[in-house]
Protein chains: 2
Amino acid sequence: MNVLTGGKLKLVQAGLRLITETRSLTSLGLRELAREAGLNPNTFYRHFKNLDEFGLQVLGYIAADMKSGVRELRQMAESSEQASHDTVTYVYHYFLANPAATTVAVRELHGPSPLLRKALEAQLNASAREMAEDIIERQLVNAVPPETIHEISRMTIRYILFRAMDYIEKPEQREAIQRETERFINRQFRGAMLDNLSQGDIETLMKESS
Amino acid sequence: MNVLTGGKLKLVQAGLRLITETRSLTSLGLRELAREAGLNPNTFYRHFKNLDEFGLQVLGYIAADMKSGVRELRQMAESSEQASHDTVTYVYHYFLANPAATTVAVRELHGPSPLLRKALEAQLNASAREMAEDIIERQLVNAVPPETIHEISRMTIRYILFRAMDYIEKPEQREAIQRETERFINRQFRGAMLDNLSQGDIETLMKESS
DNA sequence: TCCTTGTGTATACATGTGTATACCGTCAAT
DNA sequence: ATTGACGGTATACACATGTATACACAAGGA
């Protein structure tokens, strides 16, 4: 049984709630958690060996959740422009719907715990790989070699996560952030098409097209 | 007198030392700090009102230091490729030489304290503005409108900071990270040159050049 | 000379923390 | 019907934390 019930669920939810407010996963206290969950402090031990295990488990659930979310992303899209727009829209909406999970991910990705950092990085790389393979399979940008697509995917995933906090916290900037992210992606891929051209080549190319 | 002396200096240094190890600025304790500094816990109060003020001051010193470092960046560079290479080299070396300051910046940029976050963001935006104005003044990429240069600068600054932790912690990846970052910047600017072209335009352009 | 100011120390207190031990109800299996 | 695991509780302990008050001592100006 992998699903959360009862006290364990309450504790995890309490953790996510606290994190969204002001805290970070690694700074949560056992008593604090129990208090927020409305349980006796010692109940914590019924479900987790210590706080590290708690953190890892929370991360695990978040990862599973995100993964199932991203999987739904495999949709139709005619062009790469279209794809980037759709993807960005979807991902940001996901972040907005799961602010706690997003905050955890952003905070702990550079947080003080090497354990959590490693786990999160693996998770991000997996997402990036999926994204890249999707792009390659659907031949959205076949002018760019696969390895470059993977690299850009990794960058993009991180950039989006980076902007996610602002997206969540500053509603009036959401549209701007989303468009900015789309520009980011498009410039990366378009720029990558010119990777093997020298700067001189590009300058003459630009003059020709004007 | 803006320079740090005696106990105050010791406390700030202790803070930076602790942060580089495992901690984050906002999670530092007053007693912990004093212990690391070899001082009596209450000496802390002689210099700082509370831990928030301590954090802000530390950030202030870091910001001042970084600013003076970045200012030295205004150097000669023939082309934008050359400039991006030089800049990236310099910035990463700076990070390497100031791991504590870098770690603080990365951690707190998305950390739990809104106060520190705001302060850091302002600092980053200032750096990005400087970078953009430098690029514009020296006409390194005059095919791209100023507003776009500013946008790319903001993205770049954040991306570099993002990668800084890996750069510091994984020596064997440093070269790779640096080259990756250069590609990032070049693709952004090259991609931006094509901003006002449709996807069809680009495809024909690519075919012509082959 | 005295007095103030700056810096560091010592002691003390209330509060919060992680953890250990022991107790209790529910419920399913034997 | 008894047993044992599971989830939850109560009490207690040792320790760390932020903070308040009071003391010490050096340097400098009046």
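Biologist: Where does Gln139(B) lie?

Modeller: Gln139(B) sits in the loop between H7 and H8 of chain B. Bear in mind that this is a predicted model.

Biologist: Why does Gln139(B) count as exposed?

Modeller: Its relative accessible area is 55%. Exposed means over 50%. So Gln139(B) is exposed.

Biologist: What is the phi of Gln139(B)?

Modeller: Phi is positive there, about 50 degrees, although Gln139(B) is not a glycine.

Biologist: Now chain A. Where does Gln139(A) lie, and how is its phi described?

Modeller: Gln139(A) is in the loop between helix H7 (114–137) and helix H8 (146–169) of chain A. Its phi is near 50 degrees, a positive value in a residue other than glycine.

Biologist: What makes Gln139(A) exposed?

Modeller: The relative accessibility of Gln139(A) is 54%. The cut-off is over 50%. Therefore Gln139(A) counts as exposed.

Biologist: Let us go inside. Why is Thr156(A) called buried?

Modeller: Thr156(A) is found in helix H8 of chain A. Its relative accessibility is 1%. Buried means under 20%. So Thr156(A) counts as buried.

Biologist: Which residues is Thr156(A) in contact with, leaving aside its neighbours within four places in sequence?

Modeller: Met131(A), Phe184(A) and Ile185(A) are in contact with Thr156(A).

Biologist: What lies 2.7 Å from a polar atom of the side chain of Thr156(A)?

Modeller: The backbone oxygen of Ile152(A) does. The cut-off for a polar contact is within 3.5 Å. The distance of 2.7 Å is within that cut-off, so it passes that part of the test. Residues three or four places apart on an α-helix point the same way, because the helix has 3.6 residues a turn.

Biologist: How many helices and strands are there in chain A?

Modeller: Chain A has 10 helices and zero strands. Its C-alpha atoms fill a box of roughly 75 × 35 × 30 Å along the principal axes.

Biologist: How much of chain A counts as buried?

Modeller: Of its 210 residues, 49% do. In H2(A), the buried residues are Leu30(A), Glu32(A), Leu33(A), Ala34(A) and Ala37(A). Just after H2(A), Gly38(A) has a positive phi of about 75 degrees.

Biologist: Which contacts in chain A come from residues 24 or more positions apart?

Modeller: Those residues account for 64% of the contacts with a separation of 6 or more.

Biologist: Next, the two chains. How many residues of chain B are in contact with chain A?

Modeller: On the chain B side, 45 residues touch 44 residues of chain A. The area buried between the chains is about 4,000 Å². Carbon and sulfur atoms give 55% of that area.

Biologist: What makes the meeting of Arg183(A) and Glu151(B) a salt bridge?

Modeller: Their side chains meet at 2.6 Å, N to O. A salt bridge needs a side-chain nitrogen of Lys or Arg within 4 Å of a carboxyl oxygen of Asp or Glu. Arg183(A) and Glu151(B) fit that, so the pair is a salt bridge. The count between chain B and chain A is 10 salt bridges. There are also 19 residue pairs in polar contact between them, with both residues at pLDDT 80 or more.

Biologist: Which elements give two or more residues to the side of chain B that touches chain A?

Modeller: Helices H5, H6, H7, H8, H9 and H10 of chain B do. H8(B) gives the largest share, 11 residues. By type, the residues on this side are 16 nonpolar, 12 polar and 17 charged.

Biologist: Last, the DNA. Which residues around DNA strand C come nearest?

Modeller: There are 16 residues around the strand, and Arg31(A), Asn42(A), Tyr45(A), Asn42(B) and Arg46(B) come nearest. Sugar and phosphate account for 36% of the strand's atoms that come within 4 Å of the protein.

Biologist: How do you know that Thr43(B) makes a polar contact with a phosphate oxygen of DNA strand C?

Modeller: An N or O atom in the side chain of Thr43(B) is 3.2 Å from that oxygen. The limit is 3.5 Å. So the pair is a polar contact. For Tyr45(A), the distance to a phosphate oxygen of the strand is 2.6 Å. A polar side-chain atom of Arg35(A) also lies 2.6 Å from a phosphate oxygen.

Biologist: How do the residues of the surface near DNA strand C divide?

Modeller: Four are nonpolar, seven polar and five charged.

How values were computed: Residues are numbered from 1 along each chain as its sequence is written. Chains are lettered from A and ligands numbered from 1 in the order in which they are written. This is a predicted model: local features need pLDDT of at least 70, side-chain atom pairs count only at pLDDT 80 or more; totals for chains, interfaces and linings use all residues. Side-chain values use heavy atoms; hydrogens and water are left out. Contact means heavy atoms within 4.5 Å. Buried area is the accessible area (1.4 Å probe) that two parts lose on being put together, summed over both. A polar contact is a pair of N or O atoms within 3.5 Å; within protein, one must be able to donate a hydrogen and the other to accept it, and residues adjacent in sequence count only if both atoms are side-chain atoms. Helices (H or I, at least four residues) and strands (E, at least two) are DSSP runs, numbered from the N terminus. Ala, Val, Leu, Ile, Met, Phe, Trp, Tyr, Cys and Pro count as nonpolar, Asp, Glu, Lys and Arg as charged, and the others, Gly among them, as polar. A residue is near a molecule or strand if one of its heavy atoms lies within 4 Å of it. Buried means under 20% relative accessible area, exposed over 50%, partly exposed in between (1.4 Å probe, protein chains only).
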